[in-house]
There are 2 protein chains.
Amino acid sequence: MVQKNKKPPVTKIDAPVPPKRRGRPRAYEPDVALGKALDLFRKDGFAATSLDDLSAATGMNRPSLYGAFGDKRELFIKSYRRYREDARVAMGNVFRDELPIRKRLERIYAVALDIYLSGESGPRGCFTVMTAASEAVHDPDIRAMVLEGFVELDKAFAACFRRAKEKGELPESADAIVLAQLASATIHTIAIRARARMPRKELEAIVNGAIDVMVGTAR
Amino acid sequence: MVQKNKKPPVTKIDAPVPPKRRGRPRAYEPDVALGKALDLFRKDGFAATSLDDLSAATGMNRPSLYGAFGDKRELFIKSYRRYREDARVAMGNVFRDELPIRKRLERIYAVALDIYLSGESGPRGCFTVMTAASEAVHDPDIRAMVLEGFVELDKAFAACFRRAKEKGELPESADAIVLAQLASATIHTIAIRARARMPRKELEAIVNGAIDVMVGTAR
DNA sequence: TATTTTTTTGTACCATTTCGCAATAAATTC
DNA sequence: GAATTTATTGCGAAATGGTACAAAAAAATA
């Protein structure tokens, strides 16, 4: 529904080039299976998601799951990595587009809201904020990923604001770092509030208010 | 350490007045038991906290737990309510104190950081943001409490900013609602980042930057 | 003082779920 | 057919949420 962009790839760019694996062929596609696992973890969190749930959702039985992705924790980490990659792809373009700063921020938050509000049974918020951060206290590896996620977002926003200053859209006195942290904070607050089913309209109002403060009311 | 205010109540105002309960006396104090349960839920979340863990932490065996607080979900809700009450007490005074707006915000965030960074085995963040919001998708009652929590915080901040405008500390053009949402967003971002063990110094830097943007750089 | 009532505790249990794995069967290439 | 890779079944030990039931401790009553 969304990927109608780009010219229709007549020939798939990176055709899987089936390398003639030996042995019984897999009955699942690891990528889609991981996607299903991610959906579950996003919805229920780590502890409340059982291997049986994951097995049912992916269509793989437990031993296959285990063989393909390792134990539950590894599967969780791989799901989280996948989430981050997806998010990077979704937001990357918007972050790079050379739009006026206000427009750019609006687009970024719109994409974020799309991610946070998606979900069959209610909005799921942000994996980093909701689920991964919970595990972060106990698991150093996850904690490192989460921290890195925060830094990555801060940096991306900071680059936006620096660019805006260069283009004269922001006064020289503006502090790109501080603005970036505010922009991240706004991402975080809408992620959490989305999870509590705050309506999109209200979330957008918060976003608009924040943008006003960050780049000025002038449109 | 904090409640040295009010004259020392020579006679305890509401002395428990042991009302001669019949039957075998309780071997626990419900209040402290609930506190222990809250600690566990804050640390591990709902699903990862077992009744055995709760039983061990509170010193009550499972049937007693059940009799005193109901099933696990009820205990969770009561723990969350308790958390909110505690937080209200801790922050309420600071919110009400008639300090200059900057000082007031600094104090508020300092108290918040104290709450978020506490915990024997690592900082636990904010119950509302971390744990309760996770359950909010599935549980309408918890969701209502969480949403109410957001609103309550927004309102408290908004009152601060309105007061500051009245006192001429902020320009008439300042939008108290928008500023309040930014202030809440800052609370949320430090709550999450604390959970990922971001050092207090960095969190304070974020807070200071946010305050600068909200009330101006002038000290 | 002895007995009854009331309330809580402690032990034990149950049905279910959970994670992980071993053993075996199936499908494919060499 | 042999080798290799995956799928399926099903086991098992532990943990989970919840509860039944008797023993214990106190007040109320006789």
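Begin with chain B and chain A together: the area buried between them is about 3200 Å², and carbon and sulfur atoms give 68% of that area, where buried area is the accessible area, taken with a 1.4 Å probe, that two parts lose on being put together, summed over both. Select B:Val137, B:Ile192 and B:Arg193 next, since these residues supply 17% of the area that chain B buries against chain A, more than any other three residues.

Before going further, note that this is a predicted model, in which local features need pLDDT of at least 70 and side-chain atom pairs count only at pLDDT 80 or more, while totals for chains, interfaces and linings use all residues. Residues are numbered from 1 along each chain as its sequence is written, chains are lettered from A and ligands numbered from 1 in the order in which they are written, and side-chain values use heavy atoms, with hydrogens and water left out.

**Between the two chains**

Now show every residue in contact, that is, with heavy atoms within 4.5 Å: the contact takes 37 residues from chain B and 37 residues from chain A. Across this interface the rule finds two salt bridges, a salt bridge being a side-chain nitrogen of Lys or Arg within 4 Å of a carboxyl oxygen of Asp or Glu. To see one of them, select B:Asp154 and A:Arg193, whose closest N and O atoms are 2.2 Å apart.

Colour chain B by helix, a helix being a DSSP run of H or I with at least four residues, numbered from the N terminus. On the side of chain B that touches chain A, the elements that give two or more residues are α1 (30-44), α6 (127-136), α7 (140-166), α8 (176-195) and α9 (200-215) of chain B. Of these, α8(B) gives the most, with eleven residues.

**Around the DNA**

Turn to DNA strand C, which 25 residues surround, the closest being A:Leu51, A:Arg62, A:Tyr66, B:Tyr28 and B:Ser64; here a residue is near the strand if one of its heavy atoms lies within 4 Å of it. Sugar and phosphate account for 71% of the atoms of DNA strand C that come within 4 Å of the protein.

Next, select three side chains in turn, and look for the N or O atom that faces a phosphate oxygen of DNA strand C: the distance is 2.8 Å for A:Lys72, 3.1 Å for B:Asn61 and 3.4 Å for B:Arg26. Finish with α3 (62-69) of chain A and α3 (62-69) of chain B, the elements that give two or more residues to the surface near DNA strand C.

Technical notes. Polar contact = N/O pair within 3.5 Å; in protein donor to acceptor, adjacent residues only side chain to side chain.
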